[in-house]
Amino acid sequence: MDEFDDREIARLLRLKRYEQPPPGYFENFLHEFHRRQRDELLRQPIWRMCLERAHAFMLGLDVRSLTSYPAAVAAVLVCAAVISLKIYQQPETARVALQSPPAISTPVSAGEEWNLASPPVAPPILRMQPVRSFHESAQTHRAAPPRYVLDSVPVSYEPTFRF
Amino acid sequence: MSPLSGSKRSVAALALTFLSGGSLLFAQEQSATAISHQVKEIFERCSKAVVKIHGVDEHSEICGTGFFIDPTGTLYTAYTVGGEAGNFTIEFGGKKYPARQLLADIRSGTAMLKIDETTPALPIGKSEELEVAAPVVAVGYPLDLPETPNFGMIAGFDQKYLGRYFSMTHLRVNLPTQRGEAGAPLLNMKGEVVGIVVSSLENNSACYAVPIEAAEKIRSDFVRFGEARHGWIGGNVSKAPEPVDGSRAEMMQVMEDTPAARAGIKPGDILLQVGRKKVAQPEDVLDASFFITAGDNVPITVMRGNQKLTFHVQAELHPASKNVPMLSDGTRVPAAADANRSIPLKLESAAQTTP
């Protein structure tokens with residue numbers, strides 16, 4: 001301040017009075033500030049940044065409190081594993097068909113008298129097992145809600161005009 | 001009698017207009033009330049024979065609808081309900097009964113179950129008597145709700161949907177349906193069953209029903225042979241360029257060593273009638289052939305040149321029915337039995353117990 005007298009300062013102020021920042025300077029100021037801050041941070045090597053973040057994360061965790069209950073943590077993990085095995089266990093692959101040769105009745109000849117009131121002929125006794133036991137299936141999916149059936153397309157289908 | 005003056009005439013005309021308008025409104029209300037009463041009466045009479053079906057398939061428990069057709073506990077349902085599931089339980093009269101599958105037939109889209117009880121039964125009607133816009137009622141079990149009446153009308157008789165041909169003409173019904181109502185009976189206004197609801201249409205606002213005659217055909221096969229016996233004669237049909245005697249269904253191919261070949265039907269013959277069904281288009285052949293039973297003699301009328309000929313063809317088992325189940329040792333079920341895909345998964349005589 002000693003080098004300038006008041007008149008000199010007044011002259012400089014008069015000169016600066018007409019200086020304006022470029023258009024949009026104040027609007028972009030914050031954005032520009034953050035950009036420069038980021039640039040400044042990124043000048044560090046990546047390994048150092050990772051190290052810093054890992055360090056900050058570990059400090060955030062209360063590791064001691066976790067390690068003081070290893071038995072509880074192990075028990076929770078075992079329970080989760082058992083429950084998930086129970087729910088999502090794969091059903092047994094069952095036998096596809098018969099245990100013994102089927103005994104199939106001889107069809108009634110087409111010429112015989114019959115009507116809807118007459119007793120049905122003995123149906124074939126095919127003790128076919130489904131691909132897997134329905135009982136097992138019911139147990140496996142006990143938690144699932146029932147499926148209310150009404151398809152969007154009829155199942156009846158003919159590929160050609162063959163008859 | 002002096003004629004009415006102008007003002008009196010206009011007052012009389014106005015009064016007449018009011019009276020006629022009022023009577024029209026009254027008539028409309030009356031007819032709506034009458035329909036409502038009729039639907040209610042059908043529902044109350046028929047719902048006793050409509051049951052809720054529980055089963056278990058390879059994915060989960062399933063629920064659908066079915067209805068008794070005779071007093072010995074036989075019931076019809078849709079194939080999607082009773083075809084590929086097991087462990088069936090029927091909710092009927094406030095109780096649950098174990099049920100067994102008698103027959104399931106994917107070509108007709110129906111299945112037959114049975115419980116060992118005396119039951120009410122619905123009378124069987126004729127879907128052939130239905131016309132477009134005929135009123136119909138369905139009674140089903142939507143979701144986990146109690147039995148529910150639905151009222152609608154016949155919208156059409158379709159042979160195909162989304163490019164797929166049905167095995168027989170299906171009834172398209174403008175009648176709202178919900179999930180769980182597959183297998184519900186479609187009733188005419190006399191309370192007779194004319195169809196079985198098998199699938200929904202866009203937004204569940206309409207549905208497809210199999211004509212009851214298709215289910216009855218399978219049932220009569222079961223009574224006669226213990227299984228469904230779809231027949232065929234061994235021909236391929238295509239569209240003729242010109243109609244002959246009202247038909248454009250031309251025999252394009254007659255396969256060797258088939259009933260059609262043995263009977264003398266030749267390629268180029270124009271089909272006029274198969275069994276009792278008249279044929280006008282190639283599509284009609286599907287409907288006609290569905291009702292052929294293997295082993296039966298089927299009269300087939302054709303035009304050959306200017307000659308009208310009738311052949312009596314003994315139908316054989318449909319090739320689609322020959323996809324027999326495999327045994328555990330990798331062999332097929334004996335061919336002598338002509339076992340077909342319509343053979344039920346379970347035909348055990350003892351009823352299954354509920355879990």
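Two strands count as paired when DSSP finds at least two bridges between them, and with that in mind I would like to walk you through this structure, which is a predicted model. Strand E8 of chain B, residues 135-140, and strand E11 of chain B, residues 185-187, pair in the antiparallel sense over two bridges, and within that pairing Ala138(B) stands opposite Leu186(B) in E11(B).

That pair of strands belongs to a wider arrangement. In chain B, six strands form a closed barrel in the order E8-E9-E10-E13-E12-E11, with antiparallel pairing, and neighbouring strands of this sheet are turned by 45° against each other on average, if direction is ignored. In general, the strands of a sheet pair through backbone hydrogen bonds, whether parallel or antiparallel. Lying across two of the strands, E9 (148-161) and E10 (164-174), is helix H5 of chain B, residues 282-290, which runs at about 90° to E10(B).

Let me turn to the packing. The largest nonpolar core has 91 residues, and the members that touch the most others are Phe67(B), Leu186(B), Ile196(B), Val197(B), Ala209(B), Leu271(B) and Val285(B). This core draws at least three residues from each of two domains of chain B, namely domain 1 (47-211) and domain 2 (231-317). As background, nonpolar side chains in soluble globular proteins tend to be buried together.

Which residues, then, is Val197(B) in contact with, once its neighbours within four places in sequence are left aside? Its partners include Ala138(B) and Leu186(B), the two residues I began with, and also among them are Ala78(B), Gly140(B), Thr177(B), Glu181(B), Cys207(B) and Ala209(B).

For chain B as a whole, the secondary structure comes to five helices and 21 strands, and 46% of the 355 residues count as buried. Of the contacts in chain B between residues at least 6 apart in sequence, 60% join residues at least 24 apart.

Chain A reads otherwise, so to speak, and I will take it briefly. Chain A has six helices and one strand, following the pattern α-α-α-α-α-α-β along the sequence, and buried residues make up 12% of its 163 residues. One of its helices, H2 of chain A, spans residues 29-42, and its 14 residues reach 20 Å from the first C-alpha to the last, close to the 20 Å expected at 1.5 Å a residue. Is H2(A) buried, or does it lie in the open? Of its 14 residues the number buried is zero, so H2(A) lies largely in the open.

Key: Residues numbered from 1 in each chain as written. Chains lettered and ligands numbered in written order. Predicted model: local features only at pLDDT ≥ 70, side-chain atom pairs only at ≥ 80, totals over all residues. Core = buried A, V, L, I, M, F, W, Y, C linked by C-beta atoms within 7 Å. Buried ≥ 20, exposed ≤ 12 C-beta atoms within 10 Å, placed from the backbone. Domains from an automatic or database assignment. Contact = placed C-beta atoms within 7 Å. Helix = DSSP H or I, 4+ residues; strand = E, 2+ residues; numbered from the N terminus. Expected span 1.5 Å × (residues − 1). Axes fitted to C-alpha atoms, helices over the stretch in contact; angles between N-to-C directions.
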